[in-house]
Amino acid sequence: MHLSGKAVVVGLFGDPVKHSLSPRMQNAAIAASGLDAAYVPFHVTAEQLCDAVAGVRAMAIRGVNLTIPHKEAACRLVDEIDPHAKMIGAINTIVNDDGRLKGYNTDVLGLQNVLKTELGVDLAGRRVLLVGAGGASRAALVALGQARAAWVGIANRTRARAQQLLEDLAPNFPGTTFAHYQLGPSLASASSEPVDLLINATAVGLRDEAFGFPICACLRAGGAVYDMVYAAEPTRLIQEARARGLVAADGRGMLAAQGEAAFQLWFAVTPTAQVMRRALDQDE
Ligand code: NAP
């Protein structure tokens, strides 16, 4: 890496931050594009976030990604928020234009892109079962509504949280029908027709857990499964999907796609295709 005095700095604020894969994939894309820039991980605690965001302005850092625990709190520290990020109530990217900070949530575009490129799913008119009702689900719901999915069912362990998510977000998407369910064995019979796509936006699978019932029974033949979780080995959900002959992909594609969207916002350059994804797939 050769940085000049005009080098552009971007980075990541998080706590913890040292296990993040973003520096690896962003710096690979910076190198492939020949940019005079660097992506730096910054360990920022919740108490330090306000000072750190002031530092973005003071040091003319071009932008940062935000990870746990800053995505919601950072919304209060920027000058403007992209409409999708505002709906979600969380930002994962800040762009600094001459001291004016704008927040975005690139998970929306990241998910839409990866469903198209990795699973060949065009969301318009589709029936989708979204599992989970946390931050990742909020972004997924906006991605599905914005892409005009016909029907979205949300199933969560704590059903009240799924209901709340719909009360918050569903009115933004009058073209999509929504329903909420208890996550459990009765799910397949509860939703009236089989779905085209199942998205796992829970933490189930991070530590080799399974849902404990055949969740892929909700899908039609030829349907697709997207597991936002990524692990060294295929998750139990991905194994179940493939055993049923369904197409399935894990969360690395979304991680790369949200990173590509952030890169594009900071540098106004499309990162070289597959560079971020290949960087994620490389061993340490
Ligand atoms: P979050 O806000 O903490 O929400 C966690 C969700 O997981 C909730 O719906 C929770 O249900 C559910 N859950 C946790 N343990 C469960 C269990 N044992 N059984 C059933 N449900 C369980 O987290 P998040 O930010 O939404 O992230 C969710 C997952 O998506 C994480 O694994 C994260 O790594 C992944 N993610 C991936 C990407 C990507 O780029 N690939 C991006 C964002 C997130 P309750 O409401 O009942 O607690």
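Ala, Val, Leu, Ile, Met, Phe, Trp, Tyr, Cys and Pro count here as nonpolar, Asp, Glu, Lys and Arg as charged, and the others, Gly among them, as polar. With those classes in hand, good morning, colleagues. The model before you is predicted. I shall speak about its largest pocket, its ligand, its cavity and some features of its backbone.

Let me begin with the pocket. The largest pocket holds about 1600 Å³ of space. Its lining is made up of 46 residues, and those nearest the centre of the pocket are Thr-67, Ile-68, Lys-71, Tyr-230 and Leu-255. Several elements give two or more residues to this lining: helix 1 (22-33), strand 3 (63-66), helix 5, helix 9 and helix 10 (275-281). Helix 9 provides the largest share, 4 residues. Sorted by the classes I opened with, the lining of the largest pocket comprises 22 nonpolar, 14 polar and 10 charged residues.

I turn now to the ligand. Where does the ligand sit? The ligand is placed in the largest pocket. Around the ligand there are 21 residues, and Ala-136, Asn-156, Arg-157, Thr-158 and Arg-161 come nearest. The shell around the ligand is composed of 12 nonpolar, 7 polar and 2 charged residues. Helix 5, which spans 135-146, and helix 9, which spans 252-267, each contribute at least two residues to that shell. These two helices were also named for the lining of the largest pocket.

Some individual contacts deserve attention. At Ala-136, a backbone N or O atom is 2.7 Å from an oxygen atom of the ligand. At Asn-156, a polar side-chain atom is 2.7 Å from an oxygen atom of the ligand. At Met-228, a polar backbone atom is 3.0 Å from a nitrogen atom of the ligand. As for burial, the ligand taken alone exposes 920 Å², and the protein buries 72% of that.

Next, the enclosed space. Rolling a probe the size of a water molecule over the atoms shows where empty space is left. How many cavities of 30 Å³ or more are counted? The count comes to 1. The largest cavity contains about 30 Å³ of space. Its lining consists of Val-204, Gly-205, Glu-209, Ala-210, Phe-211, Asp-227, Thr-235, Arg-236 and Leu-237. By class, the lining of the largest cavity divides into 4 nonpolar, 2 polar and 3 charged residues.

Finally, the backbone. Most residues other than glycine have a negative phi, and most peptide bonds are trans. Against that background, I draw your attention to three places. Asp-15 and Pro-16 are joined by a cis peptide bond, with omega about 10°. Pro-16 belongs to the loop between strand 1 (8-14) and helix 1. The peptide bond from Ile-68 to Pro-69 is cis, and its omega is near 5°. Pro-69 is part of the loop between strand 3 and strand 4 (80-81). Ile-68 was named earlier among the residues that lie nearest the centre of the largest pocket. The third place is Arg-148, a residue other than glycine with a positive phi, near 65°. Arg-148 lies in the loop between helix 5 and strand 8 (151-156).

To close, I return to the ligand: the largest pocket is where the ligand sits, and the protein buries 72% of the area that the ligand exposes when taken alone. Thank you for your attention.

Note on methods. Residues numbered from 1 in each chain as written. Predicted model: local features only at pLDDT ≥ 70, side-chain atom pairs only at ≥ 80, totals over all residues. Heavy atoms only, no water. Near = heavy atom within 4 Å. Polar contact = N/O pair within 3.5 Å; in protein donor to acceptor, adjacent residues only side chain to side chain. Areas by Shrake-Rupley, 256 points an atom, 1.4 Å probe, with all protein chains shown as cover. 1 Å grid on protein atoms, 1.4 Å probe; cavity = no way out; pocket = protein on both sides within 12 Å on 5 of 7 lines; lining within 4 Å. Sits in = over half its atoms within 2 Å of the grid points. Points joined across faces, edges and corners; volume = space filled by probe spheres on them.
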